[in-house]
There are 2 protein chains.
Amino acid sequence: MKRRDFIKTAAIGGTASAIAMPAIAQSAPEVKWRLTSSFPKSLDTIFGGADTFARAVSESTDGKFQIQVFAAGEIVPGLQALDAVQAGTVEACQSALYYYWGKNPTMVFATTMPFGMNARQQNAWFYQGGGIDLLNEVFAKMNFYALPAANTGTQMGGWFRKEIKTIEDLKGLKFRIGGYAGKILQNMGAVPQQLAPADIYPALEKGALDAVEFIGPYDDEKLGFNKVAPFYYYPGWWDGCATGHVCFNLQKYNELPKAYQKVLHNAAMIANLDVQSKYDFKNPQALKRLVAAGTQLRAFSPEILDASYKATQEALAETASQNADFKRVLDSYVAFRNDQYLWWQVAEYPFDNYMIRARSRG
Amino acid sequence: MKRRDFIKTAAIGGTASAIAMPAIAQSAPEVKWRLTSSFPKSLDTIFGGADTFARAVSESTDGKFQIQVFAAGEIVPGLQALDAVQAGTVEACQSALYYYWGKNPTMVFATTMPFGMNARQQNAWFYQGGGIDLLNEVFAKMNFYALPAANTGTQMGGWFRKEIKTIEDLKGLKFRIGGYAGKILQNMGAVPQQLAPADIYPALEKGALDAVEFIGPYDDEKLGFNKVAPFYYYPGWWDGCATGHVCFNLQKYNELPKAYQKVLHNAAMIANLDVQSKYDFKNPQALKRLVAAGTQLRAFSPEILDASYKATQEALAETASQNADFKRVLDSYVAFRNDQYLWWQVAEYPFDNYMIRARSRG
């Protein structure tokens, strides 16, 4: 064969080979997406979950499905991440969906509701109790699809410059707390304020805020609240857990091959477990450092918890009377939660109870 | 081009194309493995985790890495699953590694130790606290590699024909309980017996057993223990959680491309979260059915828990003095557990406490 003929045949052969394997080419196309996070890189716990998610997607597609992750503000402001996904400006985002409860209050159940479930219970609702599908019926009307992909566990009740002993102490309290819980605290007399993470510390330092709730020891320590507010309250009754989601533009999600949709579901589960284990790993050490540096732990009094619980029930009932989606998801969530705590009090809770007492005895 | 020439070029083209893509062929070879489970198909919770694992592996390799799952007894008896993996008879198994503590008592920490951690804490130890690597250093000497791939959560303390009020009531008690916990109960005067699931009910019915511990409401209900033994005790202090593992013959695991090893890690995480959510979903309903059918719930008395805790510390110290691997992993596990419960008692436990009381109040 002459050299010219060989070149010709090789070219034809290349075409023949491409024709021979359309099935593989179609089932595993090259896809490149961008994901914008609501969180800064410095929150390596939850923001790290976006990296874990993107890496798992790549690992599960032999590198063919690449998701490039951007921190809050790099291409989209943190609290507009979901808007960008709805508009199709980016294909995906990582966020806490209760930030957007103004769009539809039903979104609180994606993250968690006040006096809701703990992390394991909420995962059971998502994965086995129909929670993912129920929420996505609502989200489809808003042009996105969402999957659980992070959890913080139970959060702290926040940092207070002064002790909070009675409900009277909440009156007029300038409290950095967002979302639906802010509405409830407003009903109880507090003055909720929503501030981006970078703005919280200066406001607390100069007295524009009396109190701040954020996440838990590891994340809170980084923002330095303990230097200004000595009293660290628990538990964060509005965040018995908090689920972070990855969200996809609905059309972009629907256009994916079924196999890639499944890869997204798998990768989100991996990120969910990964982020939870990182919080559980990092919070104990941070708590010890904070207490050693002078932070004083305080439990919310039974009076405050009971009043908060009552105010929560009133707010939920009011919203349910105004929004059919909210009512439908609330009914599912609450029934599931009540069964979960029936079981929890039998084996899990008595075990934890004994172990906590055994540790205290030394 | 004449037809003869076309055939020739097409053939050459095919070869050229095969030469052009060895990288892809090497990175994603066709692999077929067999996995034998220690569990029967009827335990759809934990056995189902093996299916979830195999499915995730297939989904993450475009179907190129296939793992065929066999239930206990189909190709290998349930309690010999790990032996088959060590010998290379099968490439993989699903099991509870504390079944094999006779090979090396260090294996108890893979499943859980008595008075150990709850499920979330143990996952944090596995994934972030070095637990997976620490255990696999030991397992490498035994020719296998293991990954967490299921969790039951806190188990029940079992079914008793008569009430157990004092330590005296444990004396001579013929108790179906396996593993390292059986050794501890033997030190406390009980007579532990290890029986395969299918043999337990007949032994309990005819009085050859006085008591049986198995898993929790959903699995236990299937085996019918409630028909013979009315008292259902909690908590199962020997199983604050129980992690099921997938294990691989070490040579077979090492021969895999790095990308496929990563796929196994990812798939095991998916199965771990999936099985936990199934147990959490199914146990509350089963508990309600059991109580409605006459089962009487009983808490182990503080006296019995304290005596069990003391007997556990003595057994752990004795084994640690005899086995350096055991001591090294015990030290890591206990330090991690103590920090975990320090944090747990601050946010997670008070939240659960309030929610349990709120549910009881209605």
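The following exercises, each with a worked solution, concern a predicted model with chains A and B.

**Exercise 1. The interface between the chains**

Determine how many residues of chain A and of chain B are in contact, and what area is buried between the two chains.

*Solution.* Begin with the contacts: 81 residues of chain A touch 82 residues of chain B. Next, consider the area. The size of an interface is often expressed as the accessible area lost when the parts come together. Between chain A and chain B this buried area is about 7,500 Å², and carbon and sulfur atoms give 66% of it.

Then turn to the polar side of the interface. Six salt bridges are counted between chain A and chain B. One of the pairs linked by a salt bridge is Arg361(B) with Asp306(A), at 3.7 Å from N to O. This distance satisfies the criterion, because a salt bridge requires a nitrogen of Lys or Arg within 4 Å of a carboxyl oxygen of Asp or Glu. In addition, 29 residue pairs are in polar contact between the chains, both residues being at pLDDT 80 or more.

Finally, identify the elements involved. Several helices of chain A each supply at least two residues of the side that touches chain B, among them α1 (3-20), α12 (258-292) and α15 (348-361). The greatest contribution to this side comes from α12(A), with 18 residues. Sorted by class, the side of chain A that touches chain B comprises 39 nonpolar, 27 polar and 15 charged residues.

**Exercise 2. The two domains of chain A**

State how chain A is divided into domains, and describe the contact between domain 1 and domain 2 of chain A.

*Solution.* First, fix the bounds: domain 1 of chain A covers 3-151 + 241-281, and domain 2 covers 158-239 + 296-361. Their C-alpha centres lie 29 Å apart.

Second, examine the shared surface. Here 33 residues of domain 1 are in contact with 34 residues of domain 2. The area buried between these domains of chain A is about 3,200 Å², with 66% from carbon and sulfur atoms. Pro114(A), Phe115(A) and Gln121(A) supply 22% of the area that domain 1 buries against domain 2, more than any other three residues.

Third, list the polar links. Three salt bridges cross this domain interface. Lys141(A) and Asp325(A) form a salt bridge, their closest N and O atoms being 3.0 Å apart. There are also 17 residue pairs in polar contact across the interface of the two domains, both residues at pLDDT 80 or more. On the side of domain 1 that touches domain 2, α3, α5 (108-111), α6 and α7 (131-140) of chain A each supply at least two residues. The largest share, five residues, comes from α6(A).

**Exercise 3. A sheet in chain B**

Give the order of the strands in the open sheet of six strands in chain B.

*Solution.* The order is β7-β6-β8-β5-β9-β11, with mixed pairing. At the edges stand β7 (191-193) and β11 (296-299) of chain B, each of which pairs on one side only. Within the sheet, β5 (residues 158-160) and β8 (residues 211-212) of chain B run antiparallel and are joined by two bridges. Trp159(B) has Val212(B) in β8(B) as its bridge partner.

**Exercise 4. Backbone exceptions**

Identify the residues joined by a cis peptide bond in chain A and in chain B, and locate Phe115(A).

*Solution.* Most residues other than glycine have a negative phi, and most peptide bonds are trans. In chain A, a cis peptide bond joins Tyr234(A) to Pro235(A), with omega about -10 degrees. In chain B, Tyr234(B) and Pro235(B) are joined by a cis bond with omega about -15 degrees. Pro235(A) lies in the loop between β9 (231-234) and β10 (243-249) of chain A. Phe115(A), in the loop between α5 and α6 of chain A, has a positive phi of about 50 degrees although it is not a glycine.

Methods
Residues numbered from 1 in each chain as written. Chains lettered and ligands numbered in written order. Predicted model: local features only at pLDDT ≥ 70, side-chain atom pairs only at ≥ 80, totals over all residues. Heavy atoms only, no water. Contact = heavy atoms within 4.5 Å. Buried area = accessible area lost by both parts, 1.4 Å probe. Salt bridge = Lys/Arg side-chain N within 4 Å of Asp/Glu carboxyl O. Polar contact = N/O pair within 3.5 Å; in protein donor to acceptor, adjacent residues only side chain to side chain. Helix = DSSP H or I, 4+ residues; strand = E, 2+ residues; numbered from the N terminus. Nonpolar A, V, L, I, M, F, W, Y, C, P; charged D, E, K, R; others polar. Domains from an automatic or database assignment. Pairing = 2+ DSSP bridges.
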